[in-house]
Every structure is written in structure tokens, then in C-alpha cells.
Amino acid sequence: MLDHLTFDQLSEEQKYDHFMDRINRDEKIEADDWMPDDYRIALIRLISMHGISEIMGALPEKEWVPKAPTLHRKLAIMAKVQDEMGHGQLLLRVAEDLMKPLGKNRDNIMSDLFTKRLKFHNVFHMASPTWGDAAIIAWLVDGAAIMSQTMMLDTSYGPYGRALKRICQEESFHAKHGESLVLSLAEGTDRQKQMLQDALNRWWDALLMFFGPKSKQETGHTNVDKNIKYKLRTKTNEQLRQEFFTKYIPKIELIGLKVPDKTVRFDEESNTWHYQDPDWNEFKQIVSGNGPKSDDRIRLRQSSYENTEWVREALGHVKTAVV
Amino acid sequence: MDEQKNGLNPFYEEFEVFSKKKEDGPLQYQFSLLAPNEEMAIVLAKENFFRREKAVDIWVVRRNAIRKLSQSEKESLKKLDKHYRETKGYADLNQRWRNFKEKQDNGTDEKKVEKA
Ligand SMILES: [Fe+2]
Ligand SMILES: [Fe+2]
């Protein structure tokens, strides 16, 4: 098709066909390349949601920095919180480049967060009242996040893939940190074990929700099909949830914890886990910003954004003074 | 501040970050970041990309100082067949030598047959 024409001479349909050819040949799309609006919008939705989730995701753990039980634990959880903010920086950068042609930037992302137009992962709307919660978050929430991020490493959008590669490298530290916290409590006193079990009970439904609904039936809509067509992702929500069960349920039982769902069982014949669905209406409520901690966390994010405005402004003046 | 709110971050410019892992290694592209000036770009590059990773040198470059290829230019690169510059562009030679060798061998066989 391009043999006798240069790319710029192609019609819009030819450009679209050429784009889909590239997707099907597993080429990576770069920020300045031609892409259909559909693809751009899907990427912006996915990546700004992912990026802001990293930043909001640091908040429940950040609460434990001053209260960590030892200096070593304090340093480690601080490092993790810092990493999560760093992941947010990488991802927002990728989103910004995609939004630029639409005349939008990071300020739009932040204001969409404050007005609840931009959603973030359900798990980060939840409270983390004990050190057991910090352990379950680092072990299982990060474990779940690692699964969905690893699945997207091969995404068709080059800059997102490169960001995910950096992120996944750091996540392997988070997973170890989480295992270490969980094992310490599981090896501990009865009260420590109970604290861990209580935290698992609190987080179980949120963990199942994290992967998203099985299909449209549960919540009315899903972007999974489009994301698979454009090779942004390779697995469905349910495939990831099943992998999560396979990886973690045996470990949960091994350390003497109980999965807070009596119906959970592996069916050899169909090779699938059966489980009690979480309440998908509750999920919708939570991600719309009506979760137990939604308002607190958004308010915290907003006030810190406003309180540091003078820093951004001052730095702007440094530049004008130098030039 | 109004400018910043609806414009494209007038004082936050885009920088591309490169680094070297070893003294004698190649400079590698890392990622991009937003910063108000070069000094802050270096600070943020360390903060964003080198919390663990080793680096012996870090470069930051304003994105608008970089001339990249357009998509047309990138597409035209794909079309270029440069096999003639490489040994693998000449993979047919062995077979062609073998053909001559076979012809020669057959030729002597024929003569032998004639003589006999
Ligand atoms: Fe992360
Ligand atoms: Fe993490």
C-alpha cells in the first residue's frame, strides 16, 4: 500500500488500515504516530486511570509510615510509597503526551480526579486500619496489580510498555516486601495472626473486584473487548482473577489463613475456581467515588496539590529569571 | 497561574532523559519528564529513574531540541533493503558454486563413459 505513496498521502481509511496492519504485525505505536481517535481515547482512559491509581494507591500505605513497627519496616514502606508515586509520574507523563493534541495536560487529570470524573482502582478507596492491612495490601493488592501489569507488558503502545517494564521491575520488590510483612505476622502471636486474618477478611471482596467484572452483565459496560482488539491487553478480567486464585489461595491456606468465602473451590473438571461474586453494585458505587475513604483521600490529594502550588509557581519564576 | 491552568504548562517543559550504566557503555534512552528548567530536570531524573538503578552519567535534553523522524520518514526506512551491504545478502553464492562443481563433475563422468 505504501509502495507508491508516502504516509502523508494516504486517505484516513488507508491510514486506519495501515494502523491495524501495524497492530496485527505487533509493531509498537509511538506517541507521534498516526492513531485512530478510538485508540487514543482508550489509551488515555486506561493510562490516566492507572497513573492516578498509583498515586492514590500510595495513600493507604503512607498512613503507616509514621506507625511502622521497626526502623527497617519504616524505611521499606517509605521506599514503596515513593516507588508508587514514581509510577504515577511515569504513567501521567505517558497520558499527557496522548492528551496534548486534545489541548489537555496534567492539570486536567488532577481536576478530573478532584471532581470524581477520573476514577481510580476500587482498592484505594478502602480503609487500612491496622498493620495487618499494610501487609495484605503489599502482598495481595500489589500481587494483583503485578498480574495485570505483567499482562500488559507487551501492549501495542510503545511508551506504555516501556513505563510498565520499569514499573514491573520495582513491583518485584513490593511483592517481596509484602511477603515479608505477611510471613512475620503469620509466624507471630495469636493476636498477630488474628490481625492478619481480619485484614484478609476486610480485603477479600475488594481484591476480587480489583480485576473488574466478568462481562457487561455485572456493571453495564466494559472496555475489555476494545482493549484486546487494539492489543492493549491480552487477557480478560476473569482470566486474571483465576490466575490470582491459583497463585495465592494455596499460599493463603499454607500460612494458616482462611479464605473468607466458604464456597471457594477448584473444579478439576472445568479447570476453574468457583467463588462467591462480590457485590458489583457496591463496586460501581466505590469506583464512582462513594467508597469508605474516597472523600478523605481525594481531599488529602487536593489539599496537598493546593498547598504545593507556591512551589510550582516559584520554580516557574526561577526559569524566567535565568532566561 | 491562569496560563498554567489552561495552557500547556508554560514553565513545565518536556525533557528526555538519557543515562549511562557503565563508563564504557552506550548512552541509553530512559524516559521523559516535566520540569521547569534543566537543573530541576536533573534532580527529577535522579528521583524518578535512579532510586535503585546505577548510573555513571545522566543527560537531560529539552524535547523541542530533538529532531525526530516523521511517520513518513520512518515508513520509508522500513522499505530500504540493505542486504547488499551485508554478507547475508549473498547467501545464494554457495549453491551457485556447487552448481558449477556438479557440472564439472558430471562433465568428467560423461567423458569417462565415452572413453569406456
Ligand atoms: Fe505501583
Ligand atoms: Fe506496587
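Helices (H or I, at least four residues) and strands (E, at least two) are DSSP runs, numbered from the N terminus. With that in hand, let's work through some exercises.

A few ground rules come before we start. This is a predicted model, so to speak: local features need pLDDT of at least 70, side-chain atom pairs count only at pLDDT 80 or more, and totals for chains, interfaces and linings use all residues. Residues are numbered from 1 along each chain as its sequence is written, chains are lettered from A and ligands numbered from 1 in the order in which they are written, and side-chain values use heavy atoms, with hydrogens and water left out.

**Exercise 1. Chain B at a glance**

Task: How many helices and strands are there in chain B, and which pattern do they follow along the sequence?

Solution:
- Step 1. Chain B has four helices and three strands.
- Step 2. Going along the sequence, they come in the pattern α-β-β-α-β-α-α.
- Step 3. Of the 116 residues in chain B, 25% are buried; buried means under 20% relative accessible area, exposed over 50%, partly exposed in between (1.4 Å probe, protein chains only).
- Step 4. Take the contacts (heavy atoms within 4.5 Å) in chain B between residues at least 6 apart in sequence: 42% of them join residues at least 24 apart.

**Exercise 2. The sheet**

Task: In what order do the strands of the open sheet in chain B lie?

Solution:
- Step 1. The order is E2-E1-E3, and the pairing is antiparallel. Two strands pair if DSSP finds at least two bridges between them.
- Step 2. At the edges sit strand E2 (28–35) and strand E3 (57–62) of chain B, each pairing on one side only.
- Step 3. From one strand to the next, the twist averages 30 degrees. For angles like this, axes are lines fitted to C-alpha atoms (for helices over the stretch in contact), and angles run from 0 to 180 degrees between N-to-C directions.
- Step 4. Now count bridges: strand E1 (residues 13–20) of chain B shares seven with E2(B) and six with E3(B).
- Step 5. Pick out some partners. Phe18(B) has Tyr29(B) as its bridge partner in E2(B) and stands opposite Trp59(B) in E3(B). Phe15(B) has Leu33(B) as its bridge partner in E2(B).

Task: Why is E1(B) described as largely enclosed by the rest of the structure?

Solution:
- Step 1. Six of the eight residues of E1(B) are buried, so the strand is largely enclosed.
- Step 2. Look at chain A too: H3(A) lies across E1 and E2 of chain B, at about 80 degrees to E2(B).

**Exercise 3. Two iron ions**

Task: Which residues are the protein donors of the iron ion (ligand 1)?

Solution:
- Step 1. Donors are N, O and S atoms within 2.8 Å of the metal (3.2 Å for Na, K and Ca); water is not among the atoms, so sites may look incomplete.
- Step 2. The donors are Glu54(A) (OE), Glu84(A) (OE), His87(A) (ND1) and Glu171(A) (OE), at 2.1 to 2.3 Å.
- Step 3. Their spacing in sequence is E-x29-E-x2-H-x83-E. Glu54(A) belongs to helix H2 (residues 37–62) and His87(A) to helix H3 (residues 71–99) of chain A, 33 residues apart. Both Glu54(A) and His87(A) are buried.

Task: Which residue bridges the two iron ions, and how far apart do they lie?

Solution:
- Step 1. Glu84(A) bridges ligand 1 and ligand 2, which lie 3.3 Å apart.
- Step 2. The iron ion (ligand 2) is coordinated at 2.1 to 2.5 Å, with Asp142(A) (OD) and His174(A) (ND1) among its donors.
- Step 3. Asp142(A) lies in helix H5 (residues 131–151) and Glu171(A) in helix H6 (residues 158–186) of chain A, so the pair ties together parts 29 residues apart in sequence.
- Step 4. Asp142(A) is buried, with a relative accessible area of 5%; for Glu171(A), also buried, the value is 2%.

**Exercise 4. A residue in helix H2**

Task: Is Leu59(A) buried or exposed?

Solution:
- Step 1. Leu59(A) is found in helix H2 of chain A.
- Step 2. With a relative accessible area of 5%, Leu59(A) is buried.
- Step 3. Not counting residues up to four places away in sequence, Leu59(A) touches Arg297(A) and Leu300(A).
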